[in-house]
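Let's take a friendly walk through the empty and filled spaces of this protein. Have the sequence and the 3D view at hand as you read.

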Amino acid sequence: MAEKIAIYPGSFDPLTNGHVDIIERGLKLFDKIIVAILYNPAKKSLFTVEERIALIEESFEGFPNVTVDSHSGLLVDYARDHNVNAVLRGMRAVSDFESEFQMAMMNRRLNREVQTVFLMTGLRWIFTSSSIIKEAASFGGDVTGMVPQNVNEKLKEKFAHVKRG
Ligand code: PNS
């Protein structure tokens, strides 16, 4: 039988435990997940694409069914080039719904073969986002337990020079 593969696209700037949760849930449905770092023009990134790839690869070391890649164009083009029709996205609170719905509909319009599969994050991660974690970490807040250990260390490194107050 053909392998069930999904693309899990996002900015992953940086990977959070909410993302990890979605990947783990996704692995119960798909044989393989390609974590694809794509460009979101609405966001300014803290980590380079290379740093983000390394952090995700380290976090999923020992998971041969999770691979990491990046692409600077449209998600649907990446999906077509890799022969994958399933796109995995996590849904947190209702507030995610509108933008996720809009993006899924646009992707479907661009390529009718692509289907978006939404998974609900675990309750403990519904308020977790890369943005809020970066904000907390930038002010010296402790984000232990919200991100993988390697990401936590890298965040501390990034903000070590920032003096506030
Ligand atoms: O983690 P994010 O920022 O919510 O992920 C959004 C992302 C990167 C998946 C989205 O912006 C994206 O798909 N960017 C690539 C360009 C594209 O295909 N956009 C959607 C249709 S216009």
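Ten names make a good starting point: Pro 9, Leu 75, Val 87, Arg 89, Glu 100, Met 103, Ala 104, Asn 107, Thr 116 and Phe 118 line the largest cavity. Here a cavity is a set of points, on a 1 Å grid over the protein atoms alone, where a 1.4 Å probe fits but cannot get out, while a pocket is an open set with protein on both sides within 12 Å along at least five of seven lines; lining residues have an atom within 4 Å of a point.

Before going further, a word on the model: it is predicted, with local features needing pLDDT of at least 70 and side-chain atom pairs counting only at pLDDT 80 or more, while totals for chains, interfaces and linings use all residues. Residues are numbered from 1 along each chain as its sequence is written, and side-chain values use heavy atoms, leaving out hydrogens and water.

The largest cavity has a volume of about 40 Å³, a volume being the space filled by probe spheres set on grid points that are joined across faces, edges and corners. Helix 4 gives the most to its lining, with four residues. Helices (H or I, at least four residues) and strands (E, at least two) are DSSP runs, numbered from the N terminus.

Now turn to the largest pocket, which holds about 1200 Å³ of space. Of its 44 lining residues, Gly 10, Ser 11, Asn 40, Lys 43 and Arg 89 are the closest to the centre. Helix 4 again supplies the largest share of the lining, here seven residues.

What takes up the space of the largest pocket? The ligand does, sitting there in the sense that more than half of its atoms lie within 2 Å of the pocket's grid points. Around the ligand are 14 residues, the closest being Ser 11, Asn 40, Lys 43, Leu 75 and Arg 89; a residue counts as near if one of its heavy atoms lies within 4 Å.

Some polar contacts (pairs of N or O atoms within 3.5 Å) can be followed by eye. The side chain of Ser 11 places an N or O atom 2.5 Å from an oxygen atom of the ligand. A polar side-chain atom of Asn 40 is 2.8 Å from a ligand oxygen, and for Leu 75 a backbone N or O atom lies 2.8 Å from an oxygen atom of the ligand. Taken alone, the ligand exposes 540 Å², and the protein buries 79% of that, by the Shrake-Rupley method with a 1.4 Å probe.

Conventions:
A polar contact is a pair of N or O atoms within 3.5 Å; within protein, one must be able to donate a hydrogen and the other to accept it, and residues adjacent in sequence count only if both atoms are side-chain atoms.
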